[in-house]
Amino acid sequence: MFRIRNPLAAIPRDTLLRQVDAFAEEKGLTEHTALIRKGALVAQDPTNYEDIEGEYALSPLEIEDIRNEVLHKWRQPRALYFTIITCSIGAAVQGWDQTGSNGANLAFHQVFGIEGTSTRDTFIVGVVNAAPYIASSLVGCWLSDPLNFYLGRRGAIFFSAIFCLLPVIGSAFTQTWQELLACRLLLGIGMGAKASTVPIYAAENSPASIRGALVMTWQLWTAFGIFIGFAANLAVSGTGAIAWRLQLGSAFIPAVPLLILIYYCPESPRWLMKKNRYQKAFDSLLKLRNNPLQAARDLYYIHSQLEIENMVIGDSNYVTRFVQLFTIPRVRRATLASFTVMIAQQMCGINIIAFYSSSVFEENGADVFHALLASFGFGLVNFVFAWPAIWTIDTFGRRSLLLFTFPNMAWCLLAAGLCSLIPVENIAHLATVAMFIYIFAAFYSPGEGPVPFAYSAEVFPLSHREVGMGWAVATCFFWAAILGITWPTMVQAMTTTVSHLQPPPPPNS
């Protein structure tokens, strides 16, 4: 991960204190000058805070709270956990939205008369499934920068939640595939804006010691949303002709609390500081940290980072920030890194399973109920094995998790493809295919699942964080759309094994 060197490290103590006084005067924080002075000294040398002497020596309580950032890093204030819970609900919305179409794929194409094997019908089914990702990559992700600029992190999440609520309800009442396509395109606007904002919001509110773990809760609770979505698909499978409508519409459930809870969360201190609202930023940090000294330390440190970035990058607008993703060397490296991890997440094929697993299991010999049950098992494995990443992502690092899990994901898919060559009438066919897909999910969940979003939320400088995250998520969703569109045609052309290492049959065989 790219980090800016501590901008306070080389400043003489007297100079630093004078700069703090000028800062407090300029930002209307003079009543907190003494506290910010002490916080700046801690930020200057984070490992030797106990050695600060004189009038700025830390109290025993302050020393204990800073020490606990390492020894008991999960002792955090309620406001921080409330914020992360709200972000987690947003992630669950994302996961549930993905899986509604999974169960509906068993029926909606028949209702709308696109169940044929022609290129037209298979292409339409693929586009309907991929529609949220098409709209996310082309519109939703790019809206996140202006939404964040004008509305803040909370406002952007509220906006996206509206688009994750109303189109989902509308999709349950559609009468043609065109109407369903329109609803899913509108859903994609909300999904893209939300996926580009929530990880940033979580990263900016979290202390450094647990930032990676809290940011990766996006993927953990996306996995939970996928699991609950599969559970909902299974629960309504016996409702007859309207089952597919309930499967599509049920994703409105988590969007409601997201709309309500987001405005009870503190706004991002970093965003407030970028808007020169330093008093409100300090108020947010006081809610998000255990001790006022920690809030003062983070306030001045973030301010120093912003000052350095402004000197290097200068003033910019949306267009120039986007161009700078590819022209400024430091930002370009972040752009390339986020592109790499995001495209890898999709090209491993995870969203093919999220979109089409029920259809795949059905075509591998399962009836409707057992196809949904097998998909439910995938969702359960995906969620359970996302938990280890909370502890490993800040211990072993992002890169190490990818290097360990990616090769294991590869052999799992290879094994699943080989097992699909077992005759369908043999019980081992479905059992072994499902088993290796589950093992694939067990490797994906703590590695390629959480790392790309956590990495992309952290890797860009503050000045380019919104547009950079928009770029990263757009990359992810664009390739998810490509896979979603092409999969039905691939299955039609190469059988359900996806030419699972099996050559196509000769003509007239």
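In which helix is the place of Gln346? In this predicted model, Gln346 belongs to helix 17, and at 1% relative accessibility it counts as buried, because the cut-off for that term is under 20%. Leaving aside neighbours within four places in sequence, Gln346 is in contact with Asn351, Cys476, Trp479, Ala480 and Leu483. Helix 17 also holds Arg332, which at 38% relative accessibility counts as partly exposed and which touches Leu325, Phe326 and Thr327 when residues up to four places away in sequence are not counted. Between Arg332 and Ala344, 12 residues apart in sequence, the C-alpha to C-alpha distance is 18 Å.

From here the account turns to the nonpolar interior. The largest nonpolar core has 90 residues, of which Phe108, Phe453 and Val473 touch the most other members; helix 24, residues 465-494, gives the most to this core, with 14 residues. Phe453, apart from residues up to four places away in sequence, touches Ala195, Pro199, Val215, Trp218, Gln219, Met342, Gln345, Met469, Val473 and Cys476. A second, separate core consists of 34 residues, including Val20, Ala24, Ile63 and Ile302.

Two helices can be followed along their length. Helix 21, residues 398-419, has 22 residues that should span 32 Å at 1.5 Å a residue, and its end C-alpha atoms are indeed 32 Å apart, so the two values agree. Its buried residues include Leu401, Leu402, Thr405, Asn408, Met409 and Cys412. An α-helix has 3.6 residues a turn, so residues three or four places apart point the same way. The cover over the buried residues of helix 21 includes helix 9 (211-215), helix 17 (329-347), helix 20 (388-392), helix 22 (427-444) and helix 23 (451-459). Helix 2, residues 33-44, reaches 16 Å from its first C-alpha to its last, close to the 16 Å expected at 1.5 Å a residue. Helix 2 is mostly covered, with 10 of its 12 residues buried, among them Thr33, Ile36, Arg37, Lys38 and Gln44.

Arg37 leads on to the charged pairs. Side chains of opposite charge can pair when their charged atoms come close, and the structure holds 11 salt bridges. In one of these, the side chains of Arg37 and Asp21 meet at 2.5 Å, N to O, and the pair links distant parts of the chain, with Arg37 in helix 2 and Asp21 in helix 1 (residues 13-26), 16 residues apart. Arg37, at 19% relative accessibility, counts as buried, whereas Asp21 is partly exposed, with a relative accessible area of 28%. Arg67 forms a salt bridge with Glu50, their closest N and O atoms being 3.1 Å apart; because Arg67 lies in helix 3 (residues 60-71) and Glu50 in the loop between helix 2 and helix 3, this pair ties together parts that are 17 residues apart in sequence. Asp298 and Arg289, both buried, form a salt bridge whose closest N and O atoms are 2.7 Å apart, and they are linked with Glu69 and Arg297 in a network of salt bridges.

On the surface, a nonpolar patch of about 940 Å² is made by Phe82, Ile162, Leu166, Ile169, Phe173, Phe252, Ile253, Val256, Ile260 and Tyr264. Helix 7 (166-171) and helix 12 (252-261) each supply at least two of its residues, and helix 12 gives the most, with 4. Tyr264 is found in the loop between helix 12 and helix 13 (269-274), and at 62% relative accessibility Tyr264 counts as exposed.

Key:
Residues numbered from 1 in each chain as written. Predicted model: local features only at pLDDT ≥ 70, side-chain atom pairs only at ≥ 80, totals over all residues. Heavy atoms only, no water. Patch = residues over 30% accessible without salt bridge, like charges linked within 9 Å, V, L, I, M, F, W, Y side chains within 5 Å. Areas by Shrake-Rupley, 256 points an atom, 1.4 Å probe, with all protein chains shown as cover. Salt bridge = Lys/Arg side-chain N within 4 Å of Asp/Glu carboxyl O. Buried < 20%, exposed > 50% of the residue type's maximum accessible area, 1.4 Å probe, protein only. Core = buried A, V, L, I, M, F, W, Y, C linked by side-chain atoms within 4.5 Å. Contact = heavy atoms within 4.5 Å. Expected span 1.5 Å × (residues − 1).
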